[in-house]
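Welcome! Please take a moment to turn the model around on your screen, and then read on for a short guided tour.

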Amino acid sequence: MRATARPSHAAPPGRRLLAAATAWTVAAAGAVALTVGLANSASAGEFLANGGFESGSLAPFSCTGGTGSVVTGQSHSGSYALAGAASASDNAQCTQTVAVAPNTAYTLSAWVKGAYVYLGVDGGASTWTPSTGGAYQKLTVSFTTGASQTSATVFTHGWYGQGTYWADDISLDGPGAPSQPPTSQPPTSQPPTSQPPTSQPPTSQPPTSQPPTSQPPTTQPPGGGLPAHALVGYLHASFANGAGYTRMADVPASWDVINLSFGEPTSVTSGDIRFNRCPATECPTVESDADFKAAIAAKRAQGKKVLISIGGQNGQVQLTTTAARDAFVSSVSAIIDKWGLDGLDIDFEGHSLSLNTGDTDFKNPTTPVVVNLISALKTLKAKYGAGFVLTMAPETFFVQLGYQYYGSGPWGGQDPRAGAYLPVIHAMRNDLTLLHVQDYNSGSIMGLDNQYHSMGGADFHVAMTDMLLKGFPVAGNTANVFPPLAASQVAIGMPATTNAGNGYVAPAEVNKALDCLTKAVNCGSYVPRGGAQPNLRGLMTWSINWDRFGGQEFSKNFDAYFG
């Protein structure tokens, strides 16, 4: 299954001309988030207002995108209930924020009916049911507030594409009466106008295990707590090759994001991801599981982010069914929880992602492997909350090539993998911490200047990165534009050494590309359309192991450039 040189995310030169892909599926579940504004409590220990909806209105509940309503004929008790109309683009999340006391235990409960109904606390615990069989079922979740916590947002939601769910008799029970005046808390951030509004419920999907206790519960922007300029690297954690094995504890402090390579499926279409550490027969210096886990915790204590990277050259992942999607969520969650990780990197390559004939709109994909991937990613983000770090490492074939070609094209005959990452990136852009396209092992790609650019110099990196920062019409259709990402969401992918991948450039060319993109100086033949982007997040490389093998040239140059 594994070649000696390790067919990784950045395969050795000659592996292929144009790389394979990444694709994420659009979440197919709708959710209604309930931000509960504190009002008069029904009893000394009741912290929610209008939990039975007997006022005949939602207030003080607030639901995303007009997906929530109060209806008759579906109540658990009384006359009214909440109806959350989950759709393919909105999980119908409803939220309410209430005043709470620090270091205090509370119990949240609700009666729910429908398929895939969730109940939880923003940044904390949650529970769910896949189906109630048409009858009401009670969901209950307990939590304890933090040492300085004075408010809590509770939510209920359905799931994308699963249709309407109902909730009634929602209650937050705790000691004493609420001690603060009523407040109403809107969502902490708004999605770009080019993206349908999406909610970010703090928890969500099937796995019953809780996220690592070290996971910060507070809301964070997609930056995920990264430094202004971050260095991302892949650590050969499950295999050996010519670069040699590097113990987690020996990873230099330069690396801000460490991607454990790789989690791979038990079969291409199973969705069941396993992370197997390199055996001692292959990696004689490998540390014990206990030492590996302790080193991960130590890195995180230093502010580093440690992720599981799924895929690589060998790890073909095709989520062709909802069963595979659910297995993906469950198995990836188990890996994250076992090792105490910060999140997930998607490194789908080869034939993992491709678009079915007729799937021509990246904003509304219909191909199952794409739709199911997006759904799985939204579920994981919802499960672990705002602190969850999500990154992607597609190849240029799956992203920038989309400027010319998208899928099999309007008449067929094109490579269906062309641009296949675009719907995944677009669907997840509000939750995406970093996109670092692999600017290596790539054929020539047309830039926004309508000229072809090839590997080997700064211009290639500038042109490819500018497409992400400026946006571009997909397949040349000016009525179907892929919107730009924020500069803070973008890092440039480069091979660390000549051994690591095809497309290596020396530090002087790396710095030239950074000068041009962040300062609008020292540009070559390609000048970025959007001007200087000082908030460009940084660099990604394959790999940490190859960088050490090469005397840490790549990481030392990064440290010197950004100080």
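What follows is a tour of the chain as a whole, then its disulfides, its salt bridges and one chosen residue.

## The chain as a whole

Keep in mind from the start that this is a predicted model. The chain has 563 residues, and 60% of them are buried. Along the chain you can pick out eight helices and 23 strands.

How much of the contact pattern joins residues at least 24 apart? Taking contacts between residues at least 6 apart in sequence, 79% join residues at least 24 apart. As for the surface, about 19000 Å² of the chain is exposed, and carbon and sulfur atoms supply 53% of that area.

## Three disulfides

How many disulfides does a search of the whole structure find? The search finds three. As a reminder, a disulfide is a covalent bond between the sulfur atoms of two cysteines. If you count the bonded cysteines along the chain, the pairing reads 1-2, 3-4, 5-6.

Here are the S-S distances side by side.

| Disulfide | Distance between sulfur atoms |
|---|---|
| C63 and C94 | 1.9 Å |
| C278 and C283 | 1.9 Å |
| C516 and C523 | 2.1 Å |

Begin with C63 and C94, whose sulfur atoms form a disulfide. This pair links distant parts of the chain, 31 residues apart: C63 sits in the loop between strand 1 (32–35) and strand 2 (68–72), while C94 belongs to strand 4 (residues 93–99). The angle about their S-S bond is 110°, and the link is right-handed. Are these two cysteines buried or exposed? C63 counts as buried because its relative accessibility is 16%, a value under the 20% cut-off. C94 is buried as well, with a relative accessible area of 0%.

Next come C278 and C283, joined by a disulfide. Their link is right-handed, with 75° about the S-S bond. Both C278 and C283 are buried.

The remaining pair is C516 and C523. Why is the disulfide of C516 and C523 called right-handed? The torsion about its S-S bond is about 100°, so the disulfide is right-handed. The two ends have their own settings: C516 is buried at 1% relative accessibility, whereas C523 is partly exposed, with a relative accessible area of 26%. That value puts C523 in the partly exposed class because this class lies between 20% and 50%.

## Salt bridges

Charged side chains also pair up in this model, and the count comes to eight salt bridges. Let us visit three of them, starting with D256 and K304.

The side chains of D256 and K304 meet at 3.6 Å, N to O. The two residues are 48 residues apart and link distant parts of the chain: D256 lies in the loop between strand 11 (230–236) and strand 12 (257–265), and K304 in the loop between helix 1 (289–301) and strand 14 (305–311). Both D256 and K304 are buried.

E287 forms a salt bridge with R277, and their closest N and O atoms are 3.1 Å apart. Both residues lie in the loop between strand 13 (273–274) and helix 1, so the pair ties together parts that are ten residues apart in sequence. E287 counts as buried at 5% relative accessibility, and R277 counts as buried at 13%.

R300 and D342 form another salt bridge, with 2.9 Å between the closest N and O atoms. This pair links distant parts of the chain, 42 residues apart, with R300 in helix 1 and D342 in the loop between helix 2 (322–339) and strand 15 (343–347). R300 is buried at 14% relative accessibility, and D342 is buried too, with a relative accessible area of 4%. There is also a network here: salt bridges that share partners join R277, E287 and D289.

## A closer look at A101

To finish, find A101 in the loop between strand 4 and strand 5 (105–113). A101 is partly exposed, with a relative accessible area of 28%.

Which residues does A101 touch, not counting residues up to four places away in sequence? They are Y106, T145 and Q149. The C-alpha atoms of A101 and T144 are separated by 9.5 Å, although the two residues are 43 residues apart along the chain.

Notes
Residues numbered from 1 in each chain as written. Predicted model: local features only at pLDDT ≥ 70, side-chain atom pairs only at ≥ 80, totals over all residues. Heavy atoms only, no water. Helix = DSSP H or I, 4+ residues; strand = E, 2+ residues; numbered from the N terminus. Buried < 20%, exposed > 50% of the residue type's maximum accessible area, 1.4 Å probe, protein only. Contact = heavy atoms within 4.5 Å. Areas by Shrake-Rupley, 256 points an atom, 1.4 Å probe, with all protein chains shown as cover. Disulfide = S-S within 2.5 Å. Salt bridge = Lys/Arg side-chain N within 4 Å of Asp/Glu carboxyl O.
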